[in-house]
Amino acid sequence: MRIDKLLSDMGLATRSEARAACKSGQVLVDGAPARDSSSHVDPERQSIVFRGREISYRRYTYVMLNKPEGYVSATEDSKLPVVTELLDGELRKMELFPVGRLDRDTTGLMILTNNGPLAHRVLSPKHHVPKVYRFTAAEPMAEGVEEKFRDGVTLADGYECKSAQIVLDEGRMGGLITLTEGKYHQIKRMVASTHNRVVTLERISFGDIELDTALARGEYRLLTAEEIASLEKHM
Ligand code: URA
């Protein structure tokens, strides 16, 4: 695989940045500078150091995005902006897609990848991956909502939700909800079943992965090796 493709596939550099880095000796292959970014390397077998850091090649790419309001969790839409439009440069070309959906007005942690089998598995209800959401409500939440959510809310269409945890803030105008499933508008409908309404909703964790507070809305970064390992344990 070409060095420039490897670095750009990994989101480490654009092709032209890779070319410049090679020319200036910032890319070492098995300890020796690789001056030509079009030369081929075997990332599974050779040691590749980019700007002083050993890189470990991965076939798939994983991105953490802090989703802003107003974006659809999709790769295309005929009318509305989609989350993949927030990625720039080489990542745009990598056919990443969102792992699961957040509503257009929901913000927070969204993972994007091009690893289809993994996305499918972590979303499967069999895997019970917990997702934590911070919400605010229009009215104070009703007494007894903790037990109601724990025992499984029945939605207006008759769907019986799995047990969920709700921890309310003082004043009961919001708090944290943990779900292990992801039905359409699930939290909004669960809160509606208590004759209340969600005003804001933000996902703050997905399994062991927490929203990086250094990311402003609309910003993203690659997942760390540890975060990827926590997803891959579901494979
Ligand atoms: N529940 C909702 O109602 N909306 C989301 O975006 C996520 C969970």
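**Ligand surroundings and the contact between domains 2 and 3**

In this predicted model, an oxygen atom of the ligand sits 3.3 Å from a backbone N or O atom of His185. Next comes Gln186, where a polar backbone atom lies 3.3 Å from an oxygen atom of the ligand. With Ile187 the partner on the ligand is a nitrogen atom, and the distance to a backbone N or O atom of this residue is 3.1 Å. These three residues belong to a longer list: the ligand is also surrounded by Leu102, Asp103, Thr106, Tyr133, Lys188 and Leu201.

To place these residues, it helps to look at how the chain is divided. The domain assignment splits the chain into domain 1 (3-54), domain 2 (62-125 + 208-232) and domain 3 (130-206). Domain 2 is thus assigned in two pieces, 62-125 and 208-232. On these bounds, Leu102, Asp103 and Thr106 come from domain 2, while Tyr133, His185, Gln186, Ile187, Lys188 and Leu201 come from domain 3.

What about the contact between these two domains? The C-alpha centres of domain 2 and domain 3 are 23 Å apart. Domain 2 puts 19 residues into the contact, and domain 3 puts in 10. Together the two domains bury about 1200 Å², with 46% of that on carbon and sulfur atoms. On the domain 2 side, Asp103, Leu109 and Pro125 give up the most area to domain 3, and the three together account for 31% of what that side buries. Asp103 therefore turns up twice, once around the ligand and once among the residues of domain 2 that lose the most area to domain 3.

Polar and charged pairs also cross this interface. There are 10 residue pairs in polar contact between domain 2 and domain 3, and 3 salt bridges are found there as well. A salt bridge joins the side chains of Arg217 and Glu202, at 3.1 Å from N to O.

As for secondary structure, β7 (107-113), α3 (116-123) and β12 (209-210) each bring at least two residues to the side of domain 2 that touches domain 3. The top contributor is β7, with 5 residues. By type, that side holds 11 nonpolar, 3 polar and 5 charged residues.

Terms used:
Residues numbered from 1 in each chain as written. Predicted model: local features only at pLDDT ≥ 70, side-chain atom pairs only at ≥ 80, totals over all residues. Heavy atoms only, no water. Domains from an automatic or database assignment. Contact = heavy atoms within 4.5 Å. Buried area = accessible area lost by both parts, 1.4 Å probe. Salt bridge = Lys/Arg side-chain N within 4 Å of Asp/Glu carboxyl O. Polar contact = N/O pair within 3.5 Å; in protein donor to acceptor, adjacent residues only side chain to side chain. Helix = DSSP H or I, 4+ residues; strand = E, 2+ residues; numbered from the N terminus. Nonpolar A, V, L, I, M, F, W, Y, C, P; charged D, E, K, R; others polar. Near = heavy atom within 4 Å.
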